[in-house]
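Good morning, and thank you for coming. Please take a moment to look at the sequence and the structure, and then we shall go through the fold together.

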Amino acid sequence: MLETNLCGIKLRNPTILASGVLGVTKECVERVGKAGAGAVTLKSLCHEERAGNKNPTMFGCDNIFLNAVGLPGQGIDNAIKDFKRLDDLSVPVIGSIYGYNIEQFGRVAKKMASLKPAMIEVDISCPHMDYTKPYYADPELAAQVTKEVKKNSGKIPITIKLSPNVYDIKEIAKAVEKAGADAITAINTVSGMVIDINVRKPILANKIGGMSGPALKPISVRCVYEIYETVKIPIVGTGGVTYGKDALEMIMAGATAVGIGTGVYYRGIDVFKKVCNEMELWMKKNKVKNLGEIRGIAHK
């Protein structure tokens, strides 16, 4: 009922652990797989080790979660030593990468490809990184990154993770599709800030962070909807998915698969099983046999 095919990758269900949450070791990957995820995305890696930003880097309240962790990570070379390979795990693994410049995107992609992930996610859209040029906001630059990664990833499909912090996300989606992207992940977090009125300063040390959580869902659904009408490649709808109804919204907007990140924070690591069970209950009640019957149905 929930089986999904994403760029030739067979998923037992459409839920995917989003990058930045738990995907840091083989043990974590296996644990998330046992918790019911259809696939797992690793925490984003670049060409070097990164300590990330100074604390405080995270803030959660009500239906929002704000973070400015600064993409800390062990770097691709250490990840190769730790993981050795990714195609021998019990769940499909998506390797997430980023770079400070276009050449680095290609270099990291080539090394990530050596680990044999099911797919490579290209993060051009972290909202609180100090990019020299905003790859996520420039169609030409986004296309150049896509071509460079595609050239260095072999036969492994790539998905470009887009940002909602742009004037027209459709324009960026068109550009990366034309440049060779196999899929699009939509979306990354929205730039935001929270101020502590008692100390009269922003709570995060970085001041600005990326907002996720349930409050992000209407924005991500809108982005998926617009992208679906613009491109022909699959979309991984990500942002604010916490319940089965959220995942179904994403599918109806046009998503092939659904990313879950802060949903783990709100409902626990078994959020994947919970979301899938809720989806199946709705589908049985409404006599929907498979997700293909409702994918993109909101456009009709």
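How are α7 and α9 oriented to each other, roughly parallel or roughly perpendicular? Please bear in mind that we are looking at a predicted model. Helix α7 covers residues 244-253 and helix α9 covers residues 271-285, and the two pack at an angle of about 70 degrees. Angles from 65 to 115 degrees count as roughly perpendicular, and α7 and α9 are therefore roughly perpendicular to each other. Their axes lie 7 Å apart, and the crossing of α7 past α9 is right-handed. On the side of α7, the contact is made by Gly244, Ala247, Leu248, Ile251 and Met252. On the side of α9, Val275, Glu278, Met279 and Trp282 take part. Sorted by class, the residues of this contact are 7 nonpolar, 1 polar and 1 charged.

Let us turn to the barrel. Eight strands close into it, in the order β3-β4-β7-β8-β9-β10-β15-β16, and their pairing is parallel. As general background, strands of a sheet pair through backbone hydrogen bonds, either parallel or antiparallel. From one strand of the barrel to its neighbour, the average turn is 25 degrees, with direction ignored. One pair may serve as an illustration. Strand β10, residues 183-186, pairs with strand β15, residues 235-238, over 3 bridges in the parallel sense. Within this pair, Ile184 has Ile235 of β15 as its bridge partner.

Helices pack on this sheet as well. Helix α4 touches β7 (93-97), β8 (119-123) and β9 (158-162), and its direction makes about 155 degrees with that of β9. Helix α5 touches β9 and β10, and its direction makes about 160 degrees with that of β9.

Which residues bring α4 and α5 into contact with each other? I shall first describe the geometry. In general, two packed helices are described by the angle between their axes and the distance between the axes. Here α4 spans residues 139-152 and α5 spans residues 169-178; their axes come within 8 Å and cross at roughly 30 degrees. Angles under 35 degrees count as roughly parallel, and α4 and α5 are therefore roughly parallel to each other. Their crossing is right-handed. The contact itself is made by Pro139, Ala142, Ala143 and Thr146 of α4, together with Glu171, Ile172, Ala175 and Val176 of α5. These residues divide into 6 nonpolar, 1 polar and 1 charged.

Helix α5 also packs against helix α6, residues 217-228, at an angle of about 50 degrees and with the axes 9 Å apart. That angle makes α5 oblique to α6. This crossing, too, is described as right-handed. From α5, the residues Ile169, Lys170 and Ala173 meet Arg222, Cys223, Glu226 and Ile227 of α6. By class, the contact of α5 with α6 has 4 nonpolar, no polar and 3 charged residues.

Next, please find the open sheet. It has 4 strands in the order β5-β6-β14-β11, and the pairing is antiparallel. Why is one side of β5 and of β11 left without a neighbour in the sheet? Strands β5 (58-61) and β11 (190-192) stand at the edges and each has a single partner strand, so one side of each has no neighbour there. The twist in this sheet averages 30 degrees from one strand to the next.

At one edge, β5 is joined to β6, residues 64-67, by 4 bridges, and the two strands run antiparallel. Across this pair, Cys61 stands opposite Ile64, while Met58 stands opposite Asn67. The hairpin of β5 and β6 has 2 residues between the strands, and Asp62 in this hairpin takes a positive phi near 55 degrees.

Finally, a word on charged side chains. How many salt bridges does the count come to? The count comes to 13 salt bridges. One salt bridge joins the side chains of Asp77 and Lys111, at 2.9 Å from N to O. This pair links distant parts of the chain, 34 residues apart: Asp77 belongs to helix α2 (residues 76-83) and Lys111 to helix α3 (residues 102-113).

To close, I would ask you to keep two sheets in mind: the barrel of 8 strands with parallel pairing, and the open sheet of 4 strands with antiparallel pairing. Thank you for your attention.

Conventions
Residues numbered from 1 in each chain as written. Predicted model: local features only at pLDDT ≥ 70, side-chain atom pairs only at ≥ 80, totals over all residues. Heavy atoms only, no water. Pairing = 2+ DSSP bridges. Axes fitted to C-alpha atoms, helices over the stretch in contact; angles between N-to-C directions. Parallel < 35°, antiparallel > 145°, perpendicular 65-115°, else oblique. Left-handed = near helix turned anticlockwise from the far one by under 90°. Contact = heavy atoms within 4.5 Å. Nonpolar A, V, L, I, M, F, W, Y, C, P; charged D, E, K, R; others polar. Salt bridge = Lys/Arg side-chain N within 4 Å of Asp/Glu carboxyl O.
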